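The following exercises train the reading of a protein structure. Each task is followed by a solution in steps.

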Amino acid sequence: MVKRLAVGLMSGTSVDAVDAALVSLEGTGSSAACTLIHYTSTPFPQSVKKKIFEVISEEHSSTPALSSLHFELGRIYGEAVIGLCTEAGVPLEDLDVIGSHGQTVFHQPFPTADSVPSTLQIGEPSVIAYMTNTAVVSNFRSMDVAAGGEGAPLVPYTEYILYRSPGVGRLLQNIGGIGNVTVLSKDGSLEDVYGFDTGPGNMIIDGLCERLYGKPFDEDGAIASTGKVHEKIVEEWMEWEAGFFSRKPPKSTGREQFGDIFIHRIMEEFPHLPKEDLIASATYFTARSIVDAYKTFIFPFYEVDEIIIGGGGSYNSSLILMMKELLPTCTLLTQEEIGYSSDAKEAIAFALLAHETLNGQPGNVPGATGAGNYVILGSITPAPFPGKN
């Protein structure tokens, strides 16, 4: 049976930190087993965050800036792997593979009048491989897009392996910068797995906190708890992106729809609202968009016993309370309540996806991404020095 020691790396649309998970992996496909050994989260320096947002911006981006940041992030990811293994007391030479998601700087999975579907994650894998002398699997989303999918969400494959439970219908809701949900139907197979992006997660809340309070996020939902939710205004925000919210899955989204332009419009059109009311309303907007997605695209078709919340949003007590109030008959749990780490979830997923790539196993779920086929994901960068691969 194939066994590997792997590191998964993830920096998401929140652009807050590099999450790194060291895991042991055994087996493949539906029989794969994964054990978390150690996890770290390393915040991006403010100067690096600024560069990322500049590259994301159509107004401020440039080819030289993109190229430089691609290699700089590779170094940052490599340092994250070294730091993780040092903390865990695991020699780098014991690592078999690193799965690096990279930093998404553009994601447009649909054609326009002058462009084709595309997605771009940066963080040069050769730099990571050189620093660690370990094979790196990266660029996970591109093959799914090549196969006609949206390249997201990719966690449904790993969630099926790690979270399915006989006789239990589960929703796995991740709340990172963007929200995404995976449906694990009762006694369903991998072919039955269904998932999609629900809309904004923490992205709008974080953006408003940064602008209004100079804080990176609303810790524990403390600010939202002091504000008033303006439901009519939230209804208006829902209309701003009604095309996304009403579109049938599979579908994905990102900063292009719910990033700076959306946040700037909120601040421009509602300057009269108290700051805490804007944060409370943005928090409710996230909860409302998630619950509306369930009511429209999941509840009419699937029997759901549990909703399990992961990602940074699971630590926002105000957000979780709002979701519970909107779903009074549902059982909502956090990852921690079922014995898993919310923070480490996505990093673990990309370690497992890298493992499956090396096993020659597909890692996408067409029912979630819309791809025409199950495909092997990622590009493999070998360890640069002889004797490791």
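**Exercise 1. Determine which residues of helix α5 are buried, and decide how the helix is placed in this predicted model.**

Step 1. A residue counts as buried when its relative accessible area is under 20%.

Step 2. In α5 the buried residues are V155, P156, Y157, T158, E159, Y160, I161 and Y163.

Step 3. Helix α5 covers residues 155-163, and 8 of its 9 residues are buried, so the rest of the structure largely encloses this helix.

Step 4. The packing partners of these buried residues are β7 (170-175), β8 (178-184), α14 (345-358) and α15 (366-369).

**Exercise 2. Classify the ring pair of Y194 and Y302, and state which parts of the chain the pair ties together.**

Step 1. Two values are needed, since a pair of aromatic rings is described by the distance of the centres and the angle of the planes.

Step 2. For Y194 and Y302 the values are 5.5 Å centre to centre and 20 degrees between the planes. Planes under 30 degrees apart count as stacked, and the pair of Y194 and Y302 is therefore stacked.

Step 3. Y194 belongs to strand β9 (residues 194-200), whereas Y302 lies in the loop between α12 (275-297) and β10 (306-310); the pair therefore ties together parts that are 108 residues apart in sequence.

Step 4. Y194 has a relative accessibility of 14% and counts as buried, while Y302, at 24%, counts as partly exposed.

**Exercise 3. Classify the ring pair of F244 and F245, and describe the aromatic cluster that includes these residues.**

Step 1. The ring centres of F244 and F245 are 5.7 Å apart, and the planes stand at 70 degrees. An angle over 60 degrees counts as edge-to-face, so the pair of F244 and F245 is edge-to-face.

Step 2. F244 is buried at 2% relative accessibility, and F245 is buried at 14%.

Step 3. Ring pairs join F244 and F245 with W237, W240, F258, F262, F270 and F285 in a cluster. The structure as a whole holds 18 aromatic pairs.

Step 4. W240 also has a charged partner: the charged end of R265 sits over its ring, 4.0 Å from the centre. The charged end of K275 sits over the ring of Y213, at 4.5 Å from the ring centre.

**Exercise 4. Describe the lining of the second largest pocket.**

Step 1. The volume of the second largest pocket is about 700 Å³. Among its 27 lining residues, I56, S57, E58, E256 and I261 are the closest to the centre.

Step 2. At least two lining residues come from each of α1 (46-56), β4 (97-108), α10 (255-258) and α11 (260-269). The most are given by α1, with 5 residues.

Step 3. By type, the lining consists of 10 nonpolar, 10 polar and 7 charged residues.

**Exercise 5. Find how many cavities of 30 Å³ or more the structure holds, and identify their linings.**

Step 1. The search of the whole structure yields 2 such cavities.

Step 2. The largest cavity holds about 50 Å³ of space. Its lining is formed by T13, I56, T104, V105, F106, G254, R255 and E256. Strand β4 gives the most to this lining, with 3 residues. The types are 3 nonpolar, 3 polar and 2 charged.

Step 3. The second largest cavity holds about 40 Å³, and its lining residues are Y160, R164, V183, L184, S185, G188, S189, D192 and V193. Here the division is 4 nonpolar, 3 polar and 2 charged.

Note on methods:
Residues numbered from 1 in each chain as written. Predicted model: local features only at pLDDT ≥ 70, side-chain atom pairs only at ≥ 80, totals over all residues. Heavy atoms only, no water. 1 Å grid on protein atoms, 1.4 Å probe; cavity = no way out; pocket = protein on both sides within 12 Å on 5 of 7 lines; lining within 4 Å. Points joined across faces, edges and corners; volume = space filled by probe spheres on them. Helix = DSSP H or I, 4+ residues; strand = E, 2+ residues; numbered from the N terminus. Nonpolar A, V, L, I, M, F, W, Y, C, P; charged D, E, K, R; others polar. Phe/Tyr/Trp six-rings, centres within 6.5 Å; stacked < 30°, edge-to-face > 60°. Buried < 20%, exposed > 50% of the residue type's maximum accessible area, 1.4 Å probe, protein only. Lys NZ or Arg CZ within 6 Å of the ring centre and 35° of its normal. Contact = heavy atoms within 4.5 Å.
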